[in-house]
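Me: Got a minute to walk through this chain with me? I'd like short answers.

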Amino acid sequence: MGRSYDQFCPAARALDVVGGRWTLLIVRELLLGPRRYTDLADGLPGIGPNVLAERLRALRKAGIVTQAKLPPPAGTTVYELTELGAAMRPVVDELTRWGLRLLDIPPRPGERYRIGWLLGCVRAGFRPELARGVSETYEVNVDGDVFHLRVEDGTLDVRHGPATGSAAACILTTDLATFMALGARLLDIPDALRRGLARVEGGPGAVDAVGRAVSIVGSHLDETGGRHGIIGAVGATFRPEAARGVHETYGFLLGEFAFHARVEDGTLHMCPGPADDADATLSTDLATFLKLGAGMLSLESAFATGAATATGDPGAGLRMAGVFGVQFAIADSAADG
């Protein structure tokens, strides 16, 4: 695994084993269940085959990873964590929780994503006290990537693939932006269903089951400063330094839903409903708005495709983007995810 720190210290000894480049990310992937070599390579874009093979050999030698063969009809050789390796779950979860503080900007040019990379965030946000007495499995399909969450009386297990062994209480199908918005409580399930942004399958209680899943692993008031909902989320992105000397009103029209923001020299007032005196108004659909807010789409691209339009003073529109930290133009690779 590289050179040793040569220190008789638990932290140094741990870093001797898992401190090399890519090693913790391999563990991250295997925390979601057994993976084939090709699955690991796909989940770790940028890693060379020789590096992956060497890291797996070293992890096996350290007793963190082992090989197993899936039963027929699969019969495939997979890598999985040993008991020692699985004990790293709280370490990776805490690292993920800390890393969330560093994701307050849009993706950098060239950065990629996999839904599996976000599942650590789901696990890191788990509230065991809200899962006491709950015994359910939730299946989720995000842009074709399927995973499931198993809650069992205060414990959570997140795995790649569809639910097996027990029927899922619900199957949620949606896109990444909507999935993130539901988890962040910027959008509720009934509204997402009504707007066609998500689909829920299952028995009569399937929609309620999705709600329970969000309450158990989604964001909570103490984590968001009470800024739930679209209006609160927009207000939370306000940049006072960009609003010095600005005295303008900005309107937002998301289909039938309208609200506006009044900016007065570095201060902000968010208000429900339309504004008759808006200096600039952004009109779009909810899905596009969520992608803009998540940094997955630039205003330039949204305007070019007709997914969004702006009315009013063009200069005010540019100031509006600056005041709320919206990217006007970002690299195609970042916009594509």
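The chat below goes through the fold, its sheets and its cores.

Me: What kind of model is this?
Reply: It is a predicted model.

Me: How many helices and strands does the chain have?
Reply: There are 16 helices and 12 strands.

Me: And what share of the residues is buried?
Reply: Buried residues are 40% of the 337 in the chain.

Me: What about contacts between residues 24 or more positions apart? What share do they take?
Reply: They account for 60% of the contacts in the chain with a separation of 6 or more.

Me: How much area does the chain expose?
Reply: About 17500 Å². Carbon and sulfur atoms supply 55% of that.

Me: Let's do sheets. What is the strand order in the open sheet of 5 strands?
Reply: The order is 10-9-8-11-12, and the pairing is mixed.

Me: Which strands stand at the edges?
Reply: Strand 10 (267-272) and strand 12 (308-312). Each has a single partner strand, so one side of each has no neighbour in the sheet.

Me: And the twist? How much from one strand to the next?
Reply: The twist averages 20°.

Me: How do strand 11 and strand 12 run, and how many bridges join them?
Reply: They run antiparallel, and 5 bridges join them. Strand 11 covers residues 280-284.

Me: Which residue of strand 12 is the bridge partner of Ala280?
Reply: Gly312.

Me: What does helix 13 lie across?
Reply: Helix 13 (residues 286-293) lies across strand 8 (247-254), strand 9 (257-264) and strand 11. It runs at about 115° to strand 11.

Me: Same question for helix 15.
Reply: Helix 15 (residues 314-323) lies across strand 8, strand 9, strand 11 and strand 12. Its angle to strand 8 is about 80°.

Me: On to aromatics. How many aromatic pairs does the structure hold?
Reply: It holds 7.

Me: Take Phe252 and Phe289. Why is the pair edge-to-face?
Reply: The ring planes are at 75°, so the pair is edge-to-face. The centres are 6.3 Å apart.

Me: Which parts does that pair tie together?
Reply: Phe252 lies in strand 8 and Phe289 in helix 13, so the pair ties together parts 37 residues apart in sequence.

Me: Are those two buried or exposed?
Reply: Phe252 has 5% relative accessibility, so it counts as buried. Phe289 is at 12% and also counts as buried.

Me: How do the rings of Phe252 and Phe324 sit?
Reply: Their centres are 5.8 Å apart and their planes are at 75°, so this pair is edge-to-face. Phe324 is in the loop between helix 15 and helix 16 (332-335), 72 residues from Phe252. Both Phe252 and Phe324 are buried.

Me: Which residues form the aromatic cluster?
Reply: Phe238, Tyr250, Phe252, Phe259, Phe289 and Phe324 form one cluster.

Me: Now the largest nonpolar core. Which residues touch the most other members?
Reply: Tyr138, Phe147, Leu149, Tyr250, Phe252 and Phe324, out of 61 residues in that core.

Me: Which element gives the largest share of this core?
Reply: Helix 10 (residues 206-217), with 7 residues.

Me: What else is there in the way of a separate core?
Reply: A second core has 18 residues, including Val27, Leu30, Ile64 and Leu81.

Me: Back to Phe147. What does Phe147 touch?
Reply: Leaving out residues up to four places away in sequence, its contacts include Ile115, Leu119, Tyr138, Val140, Val158 and Phe179. Arg159 and His160 are among them too.

Me: Ile115 is in helix 7, right at which residues? And how many of the helix's residues are buried?
Reply: Helix 7 is residues 115-124, and 7 of its 10 residues are buried. Among them are Ile115, Leu119, Val122 and Arg123.

Me: What do those buried residues pack against?
Reply: Helix 6 (89-99), strand 3 (135-142), strand 4 (145-152), strand 5 (155-160), helix 8 (176-183) and helix 10.

Me: Last topic, strand 6. How many of its residues are buried?
Reply: 4 of its 5 residues, 170-174, so to speak mostly covered.

Me: How does strand 6 pair with strand 3 and with strand 7?
Reply: With strand 3 the pairing is parallel, over 5 bridges. Val140 has Leu172 in strand 6 as its bridge partner. With strand 7 (residues 198-201) the pairing is antiparallel, over 4 bridges. There, Thr174 stands opposite Ala198.

Technical notes:
Residues numbered from 1 in each chain as written. Predicted model: local features only at pLDDT ≥ 70, side-chain atom pairs only at ≥ 80, totals over all residues. Heavy atoms only, no water. Pairing = 2+ DSSP bridges. Helix = DSSP H or I, 4+ residues; strand = E, 2+ residues; numbered from the N terminus. Axes fitted to C-alpha atoms, helices over the stretch in contact; angles between N-to-C directions. Contact = heavy atoms within 4.5 Å. Phe/Tyr/Trp six-rings, centres within 6.5 Å; stacked < 30°, edge-to-face > 60°. Buried < 20%, exposed > 50% of the residue type's maximum accessible area, 1.4 Å probe, protein only. Core = buried A, V, L, I, M, F, W, Y, C linked by side-chain atoms within 4.5 Å. Areas by Shrake-Rupley, 256 points an atom, 1.4 Å probe, with all protein chains shown as cover.
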